[in-house]
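Welcome! Here are a few exercises to work through with the sequence and the 3D view side by side. Try each one yourself before you read its solution.

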Amino acid sequence: MKVYHGSLEIVKKPAIRESNRTLDYGVGFYLTSSYEQAQSWVHRKLNATTIRQGYVNVYEYNPEVESALKILNFEAPTEQWLDFVMSNRMDRAFIHDYDIVKGPVANDRVYAAFAIYEAGLLDKSGLIAELKTYKLVNQILLHSEQALSAIKFIEAEEVRL
C-alpha cells in the first residue's frame, strides 16, 4: 500500500522528531493514505513560509511489520478517539506506548468543531455526531523506531504554489 508524507523537504530516511506543537497522536512521523491530504499539508506549509516548493514523499507501507508492534486503530471518530486526540493536544505530559496509531485526521473543520467543544458549547456526543457528518481522511503515526521499518521510500513528487 502506498502512503504519503507532505513536507518542505525530501524525506528519504524518516525519523521520530519532537514537534514544536502538540499533534493529534503525539510525537512521531505522520503519513496518510490520501495523496490529496499530503498535498494539502504541503500547501499549508508553503503558505506559512516564503518557500515556494515542497514535496509529497511516497512510501510503500508493509503491513506485515504490524504483527510485532503495538497498534491503536480508530476506524472513525469515537469518544475514545476524541479523548486520545485531546490528551495529545492539550496535555504536553501525555505519553502513549503505541508503535503505530491510525485514525481520522483532525483537519481545519474538525479543529473548529473542537473549539466549540472546548468552549463548552457542544458536549462530547454532539461533537462525535458532528464529526461523523464530515468526510475525514486518515492519518498514520509511526511513533517508534520499530514502526519506521514498516515504510520504504519510493519517490518524492514536487509541489509548487
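**Exercise 1. Which are the buried residues of helix 1?**

Keep in mind as you work that this is a predicted model.

Step 1. Find helix 1, which runs over residues 35-47.

Step 2. Apply the cut-off: a residue is buried when its relative accessible area is under 20%. Take Gln 37, which sits in helix 1. Its relative accessibility is 12%, so Gln 37 counts as buried.

Step 3. Go through the helix in this way, and the list of buried residues is Gln 37, Ala 38, Trp 41, Val 42 and Leu 46.

Step 4. Recall a rule about helices: an α-helix has 3.6 residues a turn, so residues three or four places apart point the same way.

Step 5. Look at what lies over these residues. The cover of the buried residues of helix 1 includes strand 1, strand 2 (29-31), strand 3, strand 6 (138-142) and strand 7. For Gln 37 in particular, the contacts beyond four places in sequence are Thr 32, Val 105 and Val 137.

**Exercise 2. Check the span of helix 1 against what its 13 residues should give.**

Step 1. At 1.5 Å a residue, the 13 residues of helix 1 should span 18 Å.

Step 2. In the model, the C-alpha atoms at the ends of helix 1 are 18 Å apart, which agrees with the expected span.

**Exercise 3. In what order do the three strands form the open sheet, and is the pairing parallel or antiparallel?**

Step 1. Trace the sheet from one side to the other: the order is 1-3-7, and the pairing is antiparallel.

Step 2. Look at the edges. Strand 1 (2-7) and strand 7 (151-160) each have a single partner strand, so one side of each is left without a neighbour in the sheet.

Step 3. Check the twist: neighbouring strands of this sheet are turned by 25 degrees against each other on average, ignoring direction.

Step 4. Count the bridges. Strand 3 (residues 53-61) pairs with strand 7 over nine bridges, and strand 1 pairs with strand 3 over six. In the second pairing, Val 3 stands opposite Tyr 59.

Step 5. Ask how enclosed strand 1 is. Five of its six residues are buried, so strand 1 is largely enclosed by the rest of the structure.

**Exercise 4. Is Asn 57 buried or exposed, and what does its side chain reach?**

Step 1. Place the residue: Asn 57 belongs to strand 3 and stands opposite Ala 156 in strand 7.

Step 2. Read its accessibility. The relative accessible area of Asn 57 is 0%, so this residue is buried.

Step 3. Follow the side chain. It reaches the backbone nitrogen of Val 11 at 2.8 Å, and one of its polar atoms lies 3.2 Å from the backbone oxygen of Glu 9.

Step 4. Add the wider surroundings: beyond four places in sequence, the residues that Asn 57 touches include Val 3, Tyr 4, Phe 153 and Glu 155.

**Exercise 5. How many residues has the largest nonpolar core, and which have the most contacts inside it?**

Step 1. The largest nonpolar core has 19 residues. Those with the most contacts inside it are Tyr 25, Trp 81, Leu 82, Val 101, Phe 114 and Leu 131.

Step 2. Find the helices involved: helix 2 (79-90), helix 3 (108-118) and helix 4 (124-131) each supply at least two residues. Helix 2 gives the most, with five residues.

Terms used. Residues numbered from 1 in each chain as written. Predicted model: local features only at pLDDT ≥ 70, side-chain atom pairs only at ≥ 80, totals over all residues. Heavy atoms only, no water. Pairing = 2+ DSSP bridges. Helix = DSSP H or I, 4+ residues; strand = E, 2+ residues; numbered from the N terminus. Axes fitted to C-alpha atoms, helices over the stretch in contact; angles between N-to-C directions. Contact = heavy atoms within 4.5 Å. Buried < 20%, exposed > 50% of the residue type's maximum accessible area, 1.4 Å probe, protein only. Expected span 1.5 Å × (residues − 1). Core = buried A, V, L, I, M, F, W, Y, C linked by side-chain atoms within 4.5 Å. Polar contact = N/O pair within 3.5 Å; in protein donor to acceptor, adjacent residues only side chain to side chain.
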